[in-house]
Amino acid sequence: MSEFWLISAPGDKENLQALERMNTVTSKSNLSYNTKFAIPDFKVGTLDSLVGLSDELGKLDTFAESLIRRMAQSVVDVMEDSKGKVHENLLANGVDLTSFVTHFEWDMAKYPAKQPLVSVVDTLAKQLAQIEMDLKSRTAAYSALKMNLENLEKKSTALALTVCLRSVCKGSGMLMPQPGAVVASGGNLFTRTLSDIVSKEDFVLDSEYLITLLVIVPKPSYAQWQKTYESLSDMVVPRSTKLIAEDNEGGLFTVTLFRKVIDDFKTKAKENKFTVREFYYDEKEIKREREEMTRLLSDKKQQYGPLLRWLKVNFSEAFIAWIHIKALRVFVESVLRYGLPVNFQAVLLQPHKKSATKRLREVLNSVFHHLDEVAAASILDASVEIPGLQLSNQDYFPYVYFHIDLSLLD
């Protein structure tokens with residue numbers, strides 16, 4: 001399981017024996033894998049300052065977790081074509097997240113334990129705030145580029161195109177293979193751009209009297225179109241229709257007629273459930289669109305590598321900071337719960353399976369029930385607020401407890 005319980009108990013002889021009992025029971029019952037979780041001795045300061053830090057660390061914990069989940073999702077979004085390799089980029093100090101948590105060591109270089117706790121927390125908060133600010137700016141630029149590209153691709157090359165060979169079989173009215181048509185797999189001929197489908201040869205251009213229209217015909221009505229299109233209006237050029245593209249629902253046909261009967265032809269076509277697609281061949285516009293697509297693809301390729309590298313490095317930094325915040329929370333709540341001098345033992349438990357968590361909780365509550373009176377007395381003392389107890393209407397833990405859930409990163 002990608003779930004961890006970070007707990008602490010007083011470090012006196014009685015409670016160290018309780019921890020041993022916990023390890024024995026959980027091991028024999030195959031409930032969890034337990035390891036000691038080393039936390040440095042920090043400068044405690046005053047009780048009032050610890051109470052303030054407790055509240056601040058709770059907020060910072062929530063913020064850090066939210067940030068790493070957003071960064072993980074950003075990695076997924078960026079690696080859209082390689083999602084099977086996402087976890088290769090979600091590492092902490094070059095190792096998988098589970099290994100980092102189970103082998104956690106406080107980073108004295110980044111967060112010196114000799115500094116006041118307030119300074120350590122401030123360093124973590126500023127680091128995460130900077131990462132979030134950079135994340136927003138970097139992903140916003142990439143997302144805007146990606147959206148522009150997707151909007152263009154929806155109209156053109158995002159649709160898989162394969163050569164389709166169709167024409168009118170002489171004397172039968174049936175469609176048979178002939179070079180020139182295109183299949184837009186999964187496309188929508190009503191909305192997509194046609195610039196990558198049509199060619200100059202499909203149209204009568206620069207004529208004062210004639211015009212070529214594009215008509216979308218449902219697939220079941222192909223035969224009807226072939227039989228009736230010449231008679232939908234006067235002045236339709238005989239044998240001027242050609243299937244140039246089709247999607248899952250229908251085909252795109254050309255038809256040439258005199259300009260003065262356009263409105264009449266559109267009306268009659270609509271009555272027969274044929275849709276005239278408004279399109280005018282503009283070579284300059286088609287060229288501009290193709291150049292824009294090339295530019296956007298090039299920009300996306302250039303941004304992909306640097307953004308992914310940044311996400312990989314800073315996800316690691318944010319995750320490492322988050323686990324340090326968890327360690328700080330355990331320290332602060334343990335001092336508030338168990339008092340001075342500082343003497344407690346932190347343990348990391350990794351439940352073996354989801355179905356065993358209820359039994360594991362029962363074992364812990366049983367082993368540490370003797371802490372209940374001390375904890376209850378602290379809770380009843382209205383002058384001291386201890387957010388780290390993490391109480392709810394349903395749960396009460398006589399020991400310091402925090403939860404680390406990596407499953408949402410899967």
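Here are some short exercises on this structure, each with a worked solution.

The model is predicted, so local features need pLDDT of at least 70 and side-chain atom pairs count only at pLDDT 80 or more, while totals for chains, interfaces and linings use all residues. Residues are numbered from 1 along each chain as its sequence is written, and side-chain values use heavy atoms, with hydrogens and water left out.

**Exercise 1. Get an overview of the chain.**

Start with the helices and strands: the chain has nine helices and 12 strands. Both are DSSP runs numbered from the N terminus, with helices being H or I over at least four residues and strands E over at least two. Next, look at burial: 47% of the 410 residues are buried. Buried means under 20% relative accessible area, exposed means over 50%, and partly exposed is in between (1.4 Å probe, protein chains only). Then check the contacts, meaning heavy atoms within 4.5 Å. Of those between residues at least 6 apart in sequence, 80% join residues at least 24 apart.

**Exercise 2. Describe the sheet that contains β1, and find its edges.**

Put the strands in order first: four of them make an open, antiparallel sheet, β2-β11-β1-β12. Here two strands pair if DSSP finds at least two bridges between them. The edges are β2 and β12 (400-405), each with pairing on one side only. From one strand to the next, the twist averages 25 degrees. Now zoom in on one pair: β1 (residues 3-10) and β12 are joined over six bridges in the antiparallel sense. In that pair, Glu3 stands opposite Asp405 of β12. Last comes the helix: α7 packs on the sheet and touches β1, β11 and β12, with its direction at about 165 degrees to that of β12. For such angles, axes are lines fitted to C-alpha atoms, for helices over the stretch in contact, and the angles run from 0 to 180 degrees between N-to-C directions.

**Exercise 3. Work out what surrounds Thr241.**

Locate the residue: Thr241 is in the loop between α5 (222-228) and β8 (242-246). Its relative accessible area is 12%, so Thr241 counts as buried. Beyond its neighbours within four places in sequence, Thr241 is in contact with Trp225, Gln226, Tyr229, Phe253 and Thr254. Now for the polar side: the side chains of Thr241 and Trp225 share a polar contact of 2.9 Å. A polar contact is a pair of N or O atoms within 3.5 Å; within protein, one must be able to donate a hydrogen and the other to accept it, and residues adjacent in sequence count only if both atoms are side-chain atoms. A polar atom of the Thr241 side chain also lies 2.8 Å from the backbone oxygen of Thr254.

**Exercise 4. Track down some unusual backbone spots.**

Recall the background: most residues other than glycine have a negative phi, and most peptide bonds are trans. Asn30 is not a glycine, yet has a positive phi of about 55 degrees. Asn30 sits in the loop between α1 (13-28) and β2 (32-36), and is partly exposed at 45% relative accessible area. Arg239 also has a positive phi of about 55 degrees and lies in the loop between α5 and β8. With 78% relative accessibility, Arg239 is exposed. Finally, the peptide bond joining Leu340 and Pro341 is cis, with omega about -5 degrees. Pro341 is in the loop between α7 (283-338) and β11 (344-351).
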